[in-house]
Every structure is written in structure tokens, then in C-alpha cells.
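Let's take a walk through this model together, beginning with its cysteines and then moving on to strands and helices. Keep the viewer open as you read.

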Amino acid sequence: MARRKKIYEGKAKTLYEGPEPGTIVQYFKDDATAFNAEKKDVIEGKGVLNNLLSEYFMLGLTNIGVPNHFLKRLNMREQLVRSCEIIPLEVIVRNYAAGSMSKRLGIEEGTQLPRPIIEYCYKDDKLGDPLVTEEHIAAFGWASQQDMDDILSLALRVNDFLAGVMYGVGIKLIDFKIEIGRVFEGDYQRLIVADEISPDSCRLWDIETGRHLDKDVFRRDLGSLTDAYTEVAKRLGVMPKSSAPQGKPTLIN
């Protein structure tokens, strides 16, 4: 049987045509990248962990009425998602200063912000995903004002959910990134959370020790990325406390 048609391959995932119209199979790779892919490695089991964790978070969002692209997990490496038109923006929600915000504004990492701050980056790897304003977004037609209102609402709802879930297992949600897609139902358009939610796209610190449990472990050479992600999965009950992620993927035709 011929393999499915590849639609797109990114740094951390590969997308294939789904079994039904309007669906896509999202395959999670073990590749780890940082600094706009200047630093690269292959981390055994990373894709398995991100697949399981993204499923957990997307199902949680569905349960509280936040629309998203997740349909079902197919296996340890793949999930079936709704096809959507991705708005070319990374939507970043920050609860504490860290990373590029600390560098830009000279704020010490870990400083709690007076309220969640939403930032937008234009999705273009060649440009380094530059920070943009709502004026840029409107001027270049990337999203309408109604879209921006809906994106803000979605981002804050996701933040409330993630922050609460993480706090319940002793983890501080520093910041996270999501992508938003458009789906069309007849003439009606709505926005949904797309891509993934995982330690690849969040900053997560242990509340008591400050230990990093996210991709900064790889960026900053702070230890084993697999151990960090496994710790998150175990605390959330996504993996049994005695288990570890299993190796290579099995593609299904």
C-alpha cells in the first residue's frame, strides 16, 4: 500500500493527507531545534511525549468549550486533526518575564507580570519570526479586527486552562505559544486553536525548585530534555510514573 502524501514538513512535525477530506495526520518527530534551527539534535522519545501531551491539552480545551483542531490520537507518534487555514502569526501569552522579553526589556527572568501580556510574531523562519503589532497585522491583512478580538479571547482562555492545570501539579506556566486556524462551515468562519500545545511551545518551571521542564533545557544545555518532558507527562498522569517513552515511530498507511 502506498504511503500517504506528505503535505508539509516542519522542524518538529510532518503533516500528511488525512483519510477523509478536511483531515490531516500530524506526525511528531524527535527533532529538537533552537535559535531558529541554528542548534539541532534528535532526542529519542520527544515526539511520543509531545504527541501524548498535546492530545491531553487539546482534549482538555475541548472539554471546556475551546474549539481546536484535534480529532483523535492514531498511535504513539500521530494524531488526526482538522484541516484549517493557519493565520500566519504566533500568538504568545506571557505570565512571567523570560526569554526574549527579558532580553528586550531588561526584566529579570521569573518576574511576574502585572497581567498576562499577549504578543504576536509573524510566522517566517527566514526572518526569524519577528515581533509585530496589531497595526502590522491589520495593514497587511493577516487578520481582521474581529479575528484579533477572537484570537485574544482564545489565547486568554487557553492561558486560564493551562495555568490552572499546571499549578495543580506543581508547575508554573511562564509563557506559551499557540497558532490559530480558520475553518469554514458553509459561509461561516470560526477560529480554532491549531498546531500543538506541548513543552516545545511552553515554558514550564517547577514551582518549588525553579527547575525548567521545557525546551529551554535543550536551548541552554540544562540536562536531559526527555527527562524534563517525561516529568511533565507523569505529573499530569499522561504516563504512568514508572514508564518511559518508547523509541522509533511506526507510520500507518
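To count as a disulfide here, two cysteine sulfur atoms have to lie within 2.5 Å of each other. Chemically speaking, a disulfide is a covalent bond between the sulfur atoms of two cysteines. Bear in mind that what you're looking at is a predicted model.

So how many disulfides does a search of the whole structure find? Zero. Take Cys84: its sulfur has the one in Cys202 as its closest cysteine partner, but the gap is 18 Å, so it's too far for a bond. Cys202 is in no disulfide either, since its own nearest cysteine sulfur belongs to Cys121 and sits 15 Å away. Is Cys202 buried or exposed? With a relative accessibility of 6%, Cys202 counts as buried.

Now for the sheet. Strands of a sheet pair through backbone hydrogen bonds, in either a parallel or an antiparallel way. This one is an open sheet of five strands, paired antiparallel in the order E1-E2-E3-E7-E6. Strand E1 (6–9) and strand E6 (70–73) are the edges, each pairing on one side only. On average, and ignoring direction, neighbouring strands of the sheet are turned by 25 degrees against each other.

For a look at one pairing, go to strand E3 (residues 23–28) and strand E7 (residues 78–82), which run antiparallel and are joined by five bridges. You'll find Thr23 standing opposite Arg82 of E7. Lying across E3, E6 and E7 is helix H1 (residues 46–63), which runs at about 135 degrees to E6.

Next, pick out helix H4 (residues 145–168). Its 24 residues reach 35 Å from first C-alpha to last, close to the 34 Å expected at 1.5 Å a residue. Buried residues of H4 include Met148, Ile151, Leu154, Val158, Phe161 and Val165, but also Asp147 and Asn159. After H4 comes Gly170, with a positive phi near 75 degrees.

Finally, zoom in on Leu162, which is found in H4. Its relative accessible area is 1%, so Leu162 is buried. Which residues does Leu162 touch, leaving out those up to four places away in sequence? They are Phe57, Leu173, Phe176 and Ile197. Leu162 also takes us back to where we started: Leu162 and Cys202 are 40 residues apart in sequence, with 9.8 Å between their C-alpha atoms.

Note on methods. Residues are numbered from 1 along each chain as its sequence is written. This is a predicted model: local features need pLDDT of at least 70, side-chain atom pairs count only at pLDDT 80 or more; totals for chains, interfaces and linings use all residues. Side-chain values use heavy atoms; hydrogens and water are left out. Buried means under 20% relative accessible area, exposed over 50%, partly exposed in between (1.4 Å probe, protein chains only). Two strands pair if DSSP finds at least two bridges between them. Helices (H or I, at least four residues) and strands (E, at least two) are DSSP runs, numbered from the N terminus. Axes are lines fitted to C-alpha atoms, for helices over the stretch in contact, and angles run from 0 to 180 degrees between N-to-C directions. Contact means heavy atoms within 4.5 Å. The expected span of a helix is 1.5 Å times one less than its number of residues.
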